[in-house]
Amino acid sequence: MAGSRLERVGTVFTRVRDLMRSGVMKRSQKPLWYDVYEAFPPKRDPVHVRPLGRPLPSRLENVPEIFYREDAVRARFYEQYGTGPRPFDLSRSNFVSTCQRFVNKYTELEKQSDLDQQVLFLETAKALLAEGVVLKRRTALPVEESREPALELNPSDVAAEQSPADSQQK
């Protein structure tokens, strides 16, 4: 047929030209761009050149970490209040999470007053409560006691208990 269809072997122009030469494609079926490309060929042939190898690590750019001022407020919010009882409703385009409402109120109060961060954080929580947003503090999860007493045994204690018993049996 027309040979390889890989772009590494030839250009689209050479493949179409060869198809017309061999009679597989009729002159009436040639693409619109063919005559323009034939009349004004590129100065350099668009040939696929395989890269020599992996880029050197020194050439890779280091992307600096980006932190915004409100990121610290968000981190503290999630640390104290968690994500909340309900998942985010991302199906609504105008959805504003509780955390974002907290950050917006925090920045608003920060511009209005000269309170330190601790007091400002508490005042923001009070202001949101006054607006009807209930924030529940995160509680530590209770540690369940093991139901298997064998899991709580120390191997050295078990060995010490068994060694006097073995000496008494002999």
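The following questions and answers work through the fold, helix packing, aromatic pairs and nonpolar cores of a predicted model.

User: How many helices and strands are there in the protein chain?
Analyst: Read along the sequence, the chain of this predicted model follows the pattern α-α-α-α-α-α. Of the contacts with a separation of 6 or more, 45% join residues 24 or more positions apart, and buried residues make up 16% of the 170 residues. The count for the protein chain is 6 helices and 0 strands.

User: Which element of the protein chain has the lowest mean pLDDT, and which the highest?
Analyst: The protein chain averages a pLDDT of 80, and 76% of the residues score at least 70. Among the elements, the lowest mean, 65, belongs to helix α6, residues 155–169. The highest mean, 94, belongs to α2.

User: Within what arc do the buried residues of α1 fall, seen down the axis?
Analyst: Helix α1 spans residues 12–22, and Phe-13, Val-16, Leu-19 and Met-20 are buried in it. These buried residues line one face of the helix, because, seen down the axis of α1, they fall within an arc of 130°.

User: What is included in the cover over the buried residues of α1, and which residue just after α1 takes a positive phi?
Analyst: The cover over the buried residues of α1 includes α2, which runs over residues 33–39. Just after α1, a positive phi of about 90° is taken by Gly-23.

User: Which kind of aromatic pair do Trp-33 and Tyr-34 form?
Analyst: The structure holds 11 aromatic pairs. For Trp-33 and Tyr-34, the rings stand 6.4 Å apart centre to centre with 55° between the planes, and planes over 60 degrees apart would be needed for edge-to-face. The pair is therefore tilted.

User: Is Trp-33 buried or partly exposed, and is Tyr-34 buried or exposed?
Analyst: Trp-33 has a relative accessibility of 37%, so Trp-33 counts as partly exposed. Tyr-34 has a relative accessible area of 2%, which is under the 20% cut-off. Tyr-34 is therefore buried.

User: Which kind of aromatic pair do Trp-33 and Tyr-37 form?
Analyst: Trp-33 and Tyr-37 are 4 residues apart in helix α2, so about one helical turn separates them. Tyr-37 counts as partly exposed, because its relative accessibility is 22%. The ring centres of Trp-33 and Tyr-37 lie 6.3 Å apart and the planes are at 80°, which makes the pair edge-to-face.

User: Over the face of which residue does Arg-76 lie?
Analyst: Ring pairs link Phe-77, Tyr-78, Tyr-81, Phe-102 and Phe-121 into a cluster. Arg-76 lies at 4.1 Å from a ring centre, over the face of Phe-121.

User: Which element gives the most to the largest nonpolar core?
Analyst: Of the 14 residues in the largest nonpolar core, Phe-77, Tyr-81, Phe-102, Tyr-106 and Leu-135 touch the most other members. The elements that give two or more residues to this core are α3 (69–81), α4 (98–112) and α5 (117–130). With 5 residues, the element that gives the most is α4.

User: How many residues are in the second, separate core?
Analyst: This second core includes Val-16, Leu-19, Met-20 and Tyr-34. Val-16, Leu-19 and Met-20 are also among the buried residues of helix α1. The second core is made of 6 residues.

User: Is Thr-124 buried or exposed?
Analyst: Thr-124 has its place in helix α5. Not counting residues up to four places away in sequence, Thr-124 touches Phe-102, Lys-105, Tyr-106 and Leu-109. Leaving aside its own neighbours within four places, Phe-102 is in contact with several residues, including Val-73, Phe-77, Ala-125, Leu-128 and Leu-135. With a relative accessible area of 0%, Thr-124 is buried.

User: How far apart in space, C-alpha to C-alpha, are Val-73 and Cys-99?
Analyst: Val-73 lies in helix α3 and counts as buried, because its relative accessibility is 10%. Beyond residues up to four places away in sequence, Val-73 touches Phe-102, Val-103, Tyr-106 and Phe-121. Val-73 and Cys-99 are 26 residues apart in sequence, and in space their C-alpha to C-alpha distance is 9.0 Å.

Conventions. Residues numbered from 1 in each chain as written. Predicted model: local features only at pLDDT ≥ 70, side-chain atom pairs only at ≥ 80, totals over all residues. Heavy atoms only, no water. Buried < 20%, exposed > 50% of the residue type's maximum accessible area, 1.4 Å probe, protein only. Arc of directions from axis to C-beta. Contact = heavy atoms within 4.5 Å. pLDDT = per-residue confidence, 0-100. Phe/Tyr/Trp six-rings, centres within 6.5 Å; stacked < 30°, edge-to-face > 60°. Lys NZ or Arg CZ within 6 Å of the ring centre and 35° of its normal. Core = buried A, V, L, I, M, F, W, Y, C linked by side-chain atoms within 4.5 Å.
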